[in-house]
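User: I would like to go through this protein step by step, and I would be glad if each reply showed its reasoning before it settles on a result.

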Amino acid sequence: MPCLLSTIYSCSFDGGCSFLIRMGARYPLVLLILLLLNGANAALDPRVPEWLTLDGGPPLVVARGGFSGLFPESTKFAYRFAVEASLPDVVLYCDLQFSKNGVGFCRRELRLENSTLISREYPDRASTYNVNGEDLYGWFSVDFGSNELYSINVIQDDYARSNIFDGILRMWSLGDLVDQIQHPHIWVNVEYDLFYLEHGLSTEDYILGLPEEYSVTYVSSPEVALLKSLSGKLRSKTKLILRFLREDVVEPSTRKTYGELLKDLKSIKAYASGILVHKHQIWPQNKDKYLEPSTSLVKDAHAIGLEVHAYGFANDDPNLSHNYSFDPSAEYLQFIDNSDFSVDGLLTDFSPTASEAVACFAHTKNNSYALPPPGNAKKTRPLIITHNGASGIFSDSTDLAYQQAVKDGADIIDCWVRMSKDGVPFCLGSTDLNCSTTAGNAFAAKSNIVNEIQNKSGIFSFDLSWSEIQTLKPNLIGPFSEERLERNPAAKNAGKLLTLDEFLDYAKSSNVSGILIGIEHAPYLATIGLDVVGAISDALANSGYDKETKQHVLIQSEETPVLAAFKKFPKFKRVLTIEFDIGDVSKPSVVEIKEIANAVKLRRSSATRINGYFLSGFTDALVKRLHDAKMEVYVGVLKNEFMNLAFDYWADPMIEIATDTWSVVADGLVTEFPGTAAAYFKSPCSDVERNLSFIIHPASAGELVKLAAVGLVPPAPPPAPMLQPADILDPPLPLCTSQPQFRTSRCRLAPVAKAKADYTANLAAEG
């Protein structure tokens, strides 16, 4: 039977069906059964990806020091989490260092003081050694016995990462890794073989003497002499890999630069099975952090039978190419899911994210699987709602931001309506033009303070005519630009602002399922003669949205009179914005909200509880009470930058999306990167209820904090207050002090009370 099944598959792929035709003539029933079996197998595995790796299989995920992006590298936590959260065949990577008595430890840096507390334990035992022609001062493993090294605790060696696990985990040897993790795939890298030989320690003897149960499947080194010496002596399952350093660095045994060695791949094939190169040697990146065309390295190596593995991957890399829009999964896909080649392995600090790229996102461009948006289906996903269009890629509320959002798969595109001095409604994220345009250069003289809007000076849309606003250029400024996380600088001033009418016309011609119209500061605008509610109502009616059946209309505001005014449009959904943190909602508040709104938009910090960048819990009662009242809950604003993510999300925006979907149970996700959310929902791994070998699981609240060192976790903040009816009418931010130098962003300047009261009364009368 297996032979016959094999013949059927070969017929399908190779076209050699003559055997089946002959067999069908003799045994028609057998042929029918085999064809049915073939169809059943195809149904169970609807997509069998064809990889462009050397062996045609999926690329390896190699965990450098375990999950070293989260924990101190090469420790118990790092290796265990890598195994538990990655693909089953993840390879665990150990940078080999030797103690004075020849015990092999796993530690990346030759000098131990940057990743351990050894300098504190042994302050007088530093040394200076010449390593590859350079004098290095520090604490070296060769100066310590194995018993001493076993007692040394480790710390995070990347100072941009969390230190809450510092000092609670000790150094691990290769034997610890093998004995305690018992994993079948281990990669040993030897960075400094010559250095250890000078101290009477032979890496070759150590590796050749490893017991059979040490399942070392890869040995790599940047030193050619070691690989040549090991070639032909290892067990057949162990592959030798030449690790490449910078192209201008000289390899010590050949005296050639690594750039020269890279040009002579055939000579490498004589002693190694593959090469390990930095990712930029495959996809170069220019000084502005944009990708250049790929090199031919992978295809050249594959042509002569060499594997190619790439290193340098980390979710929290501040130099990540702008092409990836801060989505680390997109970077992995660039190396494994293009039409030209695929690397054979990904060496990464974040093996779970590399695993999701391989298992969940590769080969899904034409995938028919996708969780449907809210509707009649039993199992649905949250709506993907933009925040000023795809404002993570183009300047907010521009034509390009909206076009990108539609292209990326947004369900709802949004327009926060601003008014010009001459009464033209248009879309922009803030009424202060300084935030996202070049107004500060052209209209600095128009700057002033409007206490009812914000507690700092600005150049406001209602102080400029529409013709003046049209002279401005968009200005894309990311929220973390000062931390070197700039957004798409090549398009910094690209695009144009849209009037509300232009936005509605574009939305109608697109394939989105709806629009969201946001309204702020209506009471103040009324005091200067600008009726934003009337302008929006007229525009929607003129565009036919009051009778629209194909696209939904959402009206969002934190001003309850505004929402009440739109009750006259029964087809519209009204969304109450709660732009301050709450931990729960009282029953009277639910009744109050139900009177004016069909949905509530919460801050991310109201849907989850965060303590010192760690996820400590969920506001389950809050969301449940709103859902029980038949109100939808939208959560935002989601941003891809790793600095915007709790550590429990592993610097991976996909994990936050999974958490808001399955743990928070949000009905809509408000995001500046709709393409990332759309990619998640198109993946079969987004459905945690499917029986797949790999799933993108939501974060487990409180799990990481439990492992932290005592005293390093900040005290828990006080619980957020319960929403009360009075809060719905007047947001509970404290009034700002009358002294500007003591004001903060967490205070609200007093509005013109009479104007607000008059405006509320007028809206009520009109409604």
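User: Which strand does E12 pair with, and how many bridges join them?
Analyst: In this predicted model, strand E12 covers residues 383-386, and its partner covers residues 668-671 and runs parallel to E12. One position where the two face each other is Leu383, which stands opposite Gly668. The partner is strand E23, and the number of bridges is four.

User: Which residues of strand E12 point the other way from Leu383 and Ile385?
Analyst: The side chains of strand E12 are shared out between two directions, with Leu383 and Ile385 pointing one way, and the residues on both sides are buried. The ones that point the other way are Ile384 and Thr386.

User: How wide is the arc that the buried residues of helix H23 cover around the axis?
Analyst: Helix H23 spans residues 587-596, and its buried residues are Ser589, Val590, Ile593 and Ile596. As a general point, an α-helix has 3.6 residues a turn, so residues three or four places apart point the same way. The buried residues lie on the same side of H23, because the arc they cover is only 130°.

User: Which exposed residues does the face of H23 turned away from its buried side carry?
Analyst: The buried side of H23 is made up of Ser589, Val590, Ile593 and Ile596, so the face to look at is the one turned away from these residues. That face carries the exposed residues Lys587 and Val591.

User: How many disulfides does the structure hold?
Analyst: A disulfide is a covalent bond between the sulfur atoms of two cysteines. One of the links joins Cys94 to Cys106, another is formed by Cys360 and Cys685, and a further one joins Cys415 to Cys427. The number of disulfides in the structure is three.

User: How many residues apart in sequence are the parts that Cys360 and Cys685 tie together?
Analyst: The sulfur atoms of Cys360 and Cys685 are 2.1 Å apart, and the link is left-handed, with -95° about the S-S bond. Cys360 counts as buried at 0% relative accessibility, and Cys685 is buried as well, with a relative accessible area of 2%. Because Cys360 lies in helix H15 and Cys685 in the loop between helix H27 and helix H28, the pair ties together parts whose separation in sequence is 325 residues.

User: Is the disulfide of Cys415 and Cys427 left-handed or right-handed?
Analyst: Cys415 lies in strand E13 and Cys427 in strand E14, twelve residues apart, and both cysteines are buried. Their sulfur atoms are 2.0 Å apart. Because the torsion about the S-S bond is about -100°, the disulfide is left-handed.

User: Is Cys435 buried, partly exposed or exposed?
Analyst: To count as buried, a residue must have under 20% relative accessible area, whereas an exposed one must have over 50%. Cys435 has a relative accessibility of 37%, so the class that fits this residue is partly exposed.

User: What kind of aromatic pair do Phe98 and Tyr206 form?
Analyst: The ring centres of Phe98 and Tyr206 are 5.0 Å apart, and there is an angle of 80° between the planes. The pair links distant parts of the chain, since Phe98 is in strand E2 and Tyr206 in helix H9, 108 residues apart. Phe98 is buried at 2% relative accessible area, and Tyr206 counts as buried at 17%. Planes over 60 degrees apart count as edge-to-face, so the kind of pair is edge-to-face.

User: How many residues apart in sequence are the parts that Tyr129 and Phe195 tie together?
Analyst: Tyr129 and Phe195 form an edge-to-face pair, 5.7 Å centre to centre and with 75° between the planes. Tyr129 counts as buried at 19% relative accessibility, and Phe195 is buried with a relative accessible area of 4%. Because Tyr129 lies in strand E4 and Phe195 in helix H8, the separation in sequence of the parts they tie together is 66 residues.

User: Over the ring of which residue does the charged end of Arg243 sit?
Analyst: A charge sits over a ring here if, among other conditions, it is within 6 Å of the ring centre. The charged end of Arg243 is 4.4 Å from the centre of its ring, and the residue that carries this ring is Tyr311.

Notes. Residues numbered from 1 in each chain as written. Predicted model: local features only at pLDDT ≥ 70, side-chain atom pairs only at ≥ 80, totals over all residues. Heavy atoms only, no water. Phe/Tyr/Trp six-rings, centres within 6.5 Å; stacked < 30°, edge-to-face > 60°. Buried < 20%, exposed > 50% of the residue type's maximum accessible area, 1.4 Å probe, protein only. Lys NZ or Arg CZ within 6 Å of the ring centre and 35° of its normal. Disulfide = S-S within 2.5 Å. Pairing = 2+ DSSP bridges. Arc of directions from axis to C-beta.
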